Amino acid sequence: MLEDKKQGSTDHIDRIDLMEQFIKCFGKERMECIIGDAEFIGKNWINWLKEEKIEYVMNLRNSQNISNSRGESAKGSDLFRDLKPGTFLNLGERKINKNKSYFAYIVGIRTKSGELIIIACSADIKDGSAIYKLRWGIETMFKSLKSGGFNLEDTHIVDPDRLETLLAVVAIAHTISSKIGEILLKDNTLKLKNHGYKAKSTIRHGIDYIISL
(Lines give C-alpha, C1' and ligand atoms only; values in the text may rest on other atoms or scores of the structure.)
Protein backbone atom coordinates (compact mmCIF):
# COMPACT_ATOMS: atom_id res chain seq x y z
CA MET A 1 0.00 0.00 0.00
CA LEU A 2 1.19 3.51 -0.84
CA GLU A 3 1.40 5.87 2.11
CA ASP A 4 2.05 9.62 2.23
CA LYS A 5 1.79 9.86 -1.56
CA LYS A 6 -0.64 11.16 -4.11
CA GLN A 7 -3.42 8.62 -4.62
CA GLY A 8 -2.61 6.14 -7.38
CA SER A 9 0.91 7.46 -7.88
CA THR A 10 4.06 5.34 -7.77
CA ASP A 11 7.71 5.86 -8.67
CA HIS A 12 10.41 3.40 -9.66
CA ILE A 13 11.37 2.88 -5.99
CA ASP A 14 7.84 1.71 -5.13
CA ARG A 15 7.67 -0.62 -8.12
CA ILE A 16 11.12 -2.11 -7.49
CA ASP A 17 10.23 -2.67 -3.82
CA LEU A 18 7.03 -4.47 -4.85
CA MET A 19 8.87 -6.68 -7.33
CA GLU A 20 11.54 -7.55 -4.76
CA GLN A 21 8.82 -8.59 -2.31
CA PHE A 22 7.21 -10.77 -4.99
CA ILE A 23 10.55 -12.38 -5.90
CA LYS A 24 11.29 -13.07 -2.22
CA CYS A 25 7.93 -14.83 -1.78
CA PHE A 26 7.49 -16.63 -5.10
CA GLY A 27 10.81 -16.56 -6.97
CA LYS A 28 11.77 -14.76 -10.15
CA GLU A 29 10.95 -17.81 -12.27
CA ARG A 30 7.23 -17.17 -11.64
CA MET A 31 7.49 -13.87 -13.51
CA GLU A 32 6.98 -14.46 -17.21
CA CYS A 33 6.55 -10.82 -18.21
CA ILE A 34 5.54 -7.49 -16.65
CA ILE A 35 2.91 -5.48 -18.54
CA GLY A 36 2.36 -1.82 -17.73
CA ASP A 37 0.75 1.42 -18.88
CA ALA A 38 2.46 4.69 -19.77
CA GLU A 39 2.63 5.64 -16.09
CA PHE A 40 5.02 2.75 -15.47
CA ILE A 41 8.00 3.78 -17.60
CA GLY A 42 11.24 5.62 -16.95
CA LYS A 43 14.99 5.13 -17.10
CA ASN A 44 15.55 3.78 -13.57
CA TRP A 45 12.62 1.36 -13.74
CA ILE A 46 13.41 -0.06 -17.20
CA ASN A 47 17.13 -0.35 -16.46
CA TRP A 48 16.35 -2.25 -13.23
CA LEU A 49 14.20 -4.72 -15.18
CA LYS A 50 17.08 -5.19 -17.64
CA GLU A 51 19.60 -5.76 -14.85
CA GLU A 52 17.31 -8.32 -13.23
CA LYS A 53 16.64 -9.96 -16.63
CA ILE A 54 12.88 -9.53 -16.23
CA GLU A 55 10.90 -9.37 -19.47
CA TYR A 56 8.59 -6.39 -19.91
CA VAL A 57 6.04 -4.84 -22.27
CA MET A 58 5.18 -1.21 -21.45
CA ASN A 59 2.77 1.17 -23.13
CA LEU A 60 4.17 4.54 -24.25
CA ARG A 61 2.29 7.77 -24.83
CA ASN A 62 1.90 8.67 -28.50
CA SER A 63 3.67 11.96 -27.74
CA GLN A 64 6.70 10.11 -26.32
CA ASN A 65 10.07 11.16 -27.78
CA ILE A 66 11.61 8.21 -29.64
CA SER A 67 14.63 8.22 -31.93
CA ASN A 68 13.97 7.73 -35.65
CA SER A 69 16.11 5.73 -38.10
CA ARG A 70 18.61 8.62 -38.24
CA GLY A 71 18.92 8.77 -34.46
CA GLU A 72 16.96 12.03 -34.22
CA SER A 73 14.25 12.49 -31.62
CA ALA A 74 10.66 12.44 -32.91
CA LYS A 75 7.16 11.97 -31.52
CA GLY A 76 6.04 8.36 -31.47
CA SER A 77 2.88 9.22 -33.40
CA ASP A 78 4.98 10.62 -36.24
CA LEU A 79 7.03 7.41 -36.51
CA PHE A 80 3.86 5.38 -37.10
CA ARG A 81 1.91 7.95 -39.11
CA ASP A 82 1.61 5.63 -42.15
CA LEU A 83 0.71 2.49 -40.19
CA LYS A 84 -2.54 1.03 -41.55
CA PRO A 85 -5.44 -0.20 -39.36
CA GLY A 86 -5.10 -3.81 -38.24
CA THR A 87 -1.31 -3.89 -38.65
CA PHE A 88 1.77 -3.43 -36.46
CA LEU A 89 5.39 -2.40 -37.05
CA ASN A 90 8.52 -3.31 -35.09
CA LEU A 91 11.15 -0.54 -35.20
CA GLY A 92 13.81 -2.48 -33.32
CA GLU A 93 15.82 -0.94 -30.48
CA ARG A 94 15.38 2.81 -30.15
CA LYS A 95 16.35 5.57 -27.74
CA ILE A 96 13.49 6.90 -25.58
CA ASN A 97 13.45 10.43 -24.12
CA LYS A 98 15.81 13.33 -24.76
CA ASN A 99 16.84 13.56 -21.11
CA LYS A 100 17.22 10.58 -18.77
CA SER A 101 17.11 8.44 -21.90
CA TYR A 102 17.09 4.67 -22.08
CA PHE A 103 16.79 2.03 -24.80
CA ALA A 104 14.01 -0.44 -25.57
CA TYR A 105 12.52 -2.25 -28.55
CA ILE A 106 9.62 -0.26 -30.00
CA VAL A 107 6.45 -1.68 -31.58
CA GLY A 108 3.56 0.32 -33.00
CA ILE A 109 0.08 -1.20 -33.25
CA ARG A 110 -2.74 0.34 -35.25
CA THR A 111 -6.03 -1.19 -34.14
CA LYS A 112 -8.83 -1.90 -36.58
CA SER A 113 -10.60 1.18 -35.26
CA GLY A 114 -7.54 3.29 -36.07
CA GLU A 115 -6.19 3.80 -32.54
CA LEU A 116 -2.39 3.88 -32.27
CA ILE A 117 -0.76 1.94 -29.44
CA ILE A 118 3.01 2.21 -28.94
CA ILE A 119 4.79 -0.25 -26.68
CA ALA A 120 8.35 -0.63 -25.41
CA CYS A 121 9.60 -4.22 -25.02
CA SER A 122 12.62 -6.05 -23.71
CA ALA A 123 14.97 -7.61 -26.24
CA ASP A 124 13.73 -11.21 -26.03
CA ILE A 125 10.02 -10.42 -26.51
CA LYS A 126 9.07 -11.94 -29.88
CA ASP A 127 5.52 -10.62 -30.18
CA GLY A 128 4.99 -7.60 -27.97
CA SER A 129 1.63 -6.79 -29.55
CA ALA A 130 0.17 -10.20 -28.60
CA ILE A 131 1.47 -9.93 -25.04
CA TYR A 132 0.11 -6.41 -24.58
CA LYS A 133 -3.38 -7.68 -25.45
CA LEU A 134 -3.25 -9.71 -22.23
CA ARG A 135 -3.50 -6.39 -20.40
CA TRP A 136 -7.24 -6.50 -21.07
CA GLY A 137 -7.48 -9.12 -18.36
CA ILE A 138 -6.29 -6.48 -15.88
CA GLU A 139 -9.04 -4.10 -16.99
CA THR A 140 -11.75 -6.75 -16.57
CA MET A 141 -10.39 -7.56 -13.11
CA PHE A 142 -10.58 -3.88 -12.10
CA LYS A 143 -14.17 -3.74 -13.34
CA SER A 144 -15.06 -6.82 -11.29
CA LEU A 145 -13.43 -5.43 -8.16
CA LYS A 146 -15.04 -2.00 -8.51
CA SER A 147 -18.55 -2.69 -9.76
CA GLY A 148 -18.87 -6.21 -11.16
CA GLY A 149 -19.73 -8.05 -7.96
CA PHE A 150 -17.18 -7.09 -5.31
CA ASN A 151 -18.02 -3.37 -5.10
CA LEU A 152 -14.67 -2.63 -3.50
CA GLU A 153 -15.09 1.12 -3.86
CA ASP A 154 -18.05 1.02 -1.46
CA THR A 155 -15.76 0.33 1.47
CA HIS A 156 -15.34 3.05 4.08
CA ILE A 157 -12.07 1.60 5.34
CA VAL A 158 -9.25 4.17 5.35
CA ASP A 159 -6.71 2.54 7.65
CA PRO A 160 -3.85 1.33 5.38
CA ASP A 161 -3.30 -1.96 7.24
CA ARG A 162 -7.00 -2.88 7.24
CA LEU A 163 -7.35 -1.86 3.59
CA GLU A 164 -4.37 -4.03 2.70
CA THR A 165 -6.03 -7.00 4.43
CA LEU A 166 -9.29 -6.31 2.60
CA LEU A 167 -7.49 -6.22 -0.76
CA ALA A 168 -5.81 -9.54 0.01
CA VAL A 169 -9.14 -11.20 0.86
CA VAL A 170 -10.82 -9.76 -2.24
CA ALA A 171 -7.92 -10.94 -4.43
CA ILE A 172 -8.34 -14.50 -3.14
CA ALA A 173 -12.13 -14.36 -3.60
CA HIS A 174 -11.72 -13.00 -7.13
CA THR A 175 -9.34 -15.83 -8.04
CA ILE A 176 -11.71 -18.50 -6.68
CA SER A 177 -14.69 -16.96 -8.50
CA SER A 178 -12.74 -16.75 -11.74
CA LYS A 179 -11.65 -20.39 -11.57
CA ILE A 180 -15.17 -21.58 -10.79
CA GLY A 181 -16.49 -19.51 -13.70
CA GLU A 182 -13.99 -21.12 -16.07
CA ILE A 183 -15.09 -24.61 -14.95
CA LEU A 184 -18.77 -23.74 -15.43
CA LEU A 185 -18.17 -22.36 -18.92
CA LYS A 186 -16.32 -25.53 -19.94
CA ASP A 187 -19.25 -27.70 -18.91
CA ASN A 188 -21.95 -25.56 -20.53
CA THR A 189 -22.38 -24.23 -24.03
CA LEU A 190 -23.79 -20.75 -23.54
CA LYS A 191 -25.72 -18.94 -26.22
CA LEU A 192 -24.38 -15.56 -27.26
CA LYS A 193 -26.59 -12.49 -27.23
CA ASN A 194 -27.40 -10.55 -30.39
CA HIS A 195 -24.33 -8.35 -29.99
CA GLY A 196 -22.10 -11.46 -30.04
CA TYR A 197 -21.07 -11.49 -26.37
CA LYS A 198 -22.00 -13.77 -23.47
CA ALA A 199 -24.80 -12.61 -21.19
CA LYS A 200 -22.45 -12.93 -18.21
CA SER A 201 -18.71 -12.74 -17.80
CA THR A 202 -16.65 -15.66 -16.52
CA ILE A 203 -16.19 -14.00 -13.15
CA ARG A 204 -19.93 -13.21 -12.90
CA HIS A 205 -20.79 -16.89 -13.47
CA GLY A 206 -18.42 -17.84 -10.66
CA ILE A 207 -19.82 -15.26 -8.26
CA ASP A 208 -23.44 -16.25 -8.96
CA TYR A 209 -22.63 -19.92 -8.43
CA ILE A 210 -20.97 -19.23 -5.08
CA ILE A 211 -23.97 -17.13 -4.00
CA SER A 212 -26.34 -19.94 -4.99
CA LEU A 213 -24.45 -22.35 -2.74
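**Entry 1: the Phe pair in helix α1**

I began with Phe26, which is partly exposed, with a relative accessible area of 48%. The model is a predicted one, and I read every value below as computed from it. I then looked up Phe22, and this residue is partly exposed as well, at a relative accessible area of 31%. Both values fall between the 20% limit for buried and the 50% limit for exposed, so neither residue reaches either class. Phe22 and Phe26 are 4 residues apart in helix α1, which puts about one helical turn between them.

**Entry 2: aromatic pairs**

I counted the ring pairs next and obtained 2 aromatic pairs. For Phe22 and Phe26, I found ring centres 4.9 Å apart and planes at 45°, so I entered the pair as tilted. This angle lies between the limits of 30 and 60 degrees. For Trp45 and Trp48, I found the ring centres 6.1 Å apart and the planes at 10°, so this pair is stacked. A pair of aromatic rings is described by the distance of the centres and the angle of the planes, and I kept both values for that reason.

**Entry 3: surroundings of Trp45**

Are Trp45 and Trp48 buried or exposed? I found both of them buried. They lie in helix α2, 3 residues apart, about one turn of the helix. I also noted a charged side chain: Arg15 lies over the face of Trp45, 5.2 Å from the ring centre. Which residues does Trp45 touch beyond its neighbours within four places in sequence? I listed His12, Arg15, Ile16, Met19, Ile34, Phe40 and Met58.

**Entry 4: nonpolar cores**

I turned to the largest nonpolar core, which has 24 residues. Trp45 belongs to the group that touches the most other members, together with Ile34, Leu49, Met58, Leu60 and Ile106. Which elements each supply at least two residues of this core? I recorded α1 (12-26), α2 (43-51), β2 (56-60), β5 (87-96), β6 (102-110) and β7 (116-121). Helix α2 gives the most, with 4 residues. Apart from this core I located another, of 8 residues, among them Val57, Ile109, Ile125 and Tyr132. In soluble globular proteins, nonpolar side chains tend to be buried together.

**Entry 5: helix α4**

I followed Tyr132 from the 8-residue core to helix α4. Tyr132 has a relative accessible area of 9% and is therefore buried. Leaving aside neighbours within four places in sequence, I found Tyr132 in contact with Ile35, Gly36, Asp37, Val57, Asn59, Ile117 and Ile119. Between Tyr132 and Asp37 I noted a sequence separation of 95 residues and a C-alpha to C-alpha distance of 9.7 Å. Ser129 is also found in helix α4 (residues 128-133). Because its relative accessible area is 7%, under the 20% limit, I entered Ser129 as buried. With the same exclusion of sequence neighbours, Ser129 is in contact with Phe88, Ile109 and Ile119.

**Entry 6: the whole chain**

I closed with the overall values. The protein chain holds 7 helices and 7 strands, and from the N terminus on I read the order α-β-α-β-β-β-α-β-β-β-α-α-α-α. Of its 213 residues, 30% count as buried. The chain exposes about 14700 Å², of which carbon and sulfur atoms supply 52%. How many of the contacts between residues at least 6 apart in sequence join residues at least 24 apart? I entered 49%.

Terms used
Residues numbered from 1 in each chain as written. Predicted model: local features only at pLDDT ≥ 70, side-chain atom pairs only at ≥ 80, totals over all residues. Heavy atoms only, no water. Buried < 20%, exposed > 50% of the residue type's maximum accessible area, 1.4 Å probe, protein only. Contact = heavy atoms within 4.5 Å. Areas by Shrake-Rupley, 256 points an atom, 1.4 Å probe, with all protein chains shown as cover. Core = buried A, V, L, I, M, F, W, Y, C linked by side-chain atoms within 4.5 Å. Phe/Tyr/Trp six-rings, centres within 6.5 Å; stacked < 30°, edge-to-face > 60°. Lys NZ or Arg CZ within 6 Å of the ring centre and 35° of its normal.
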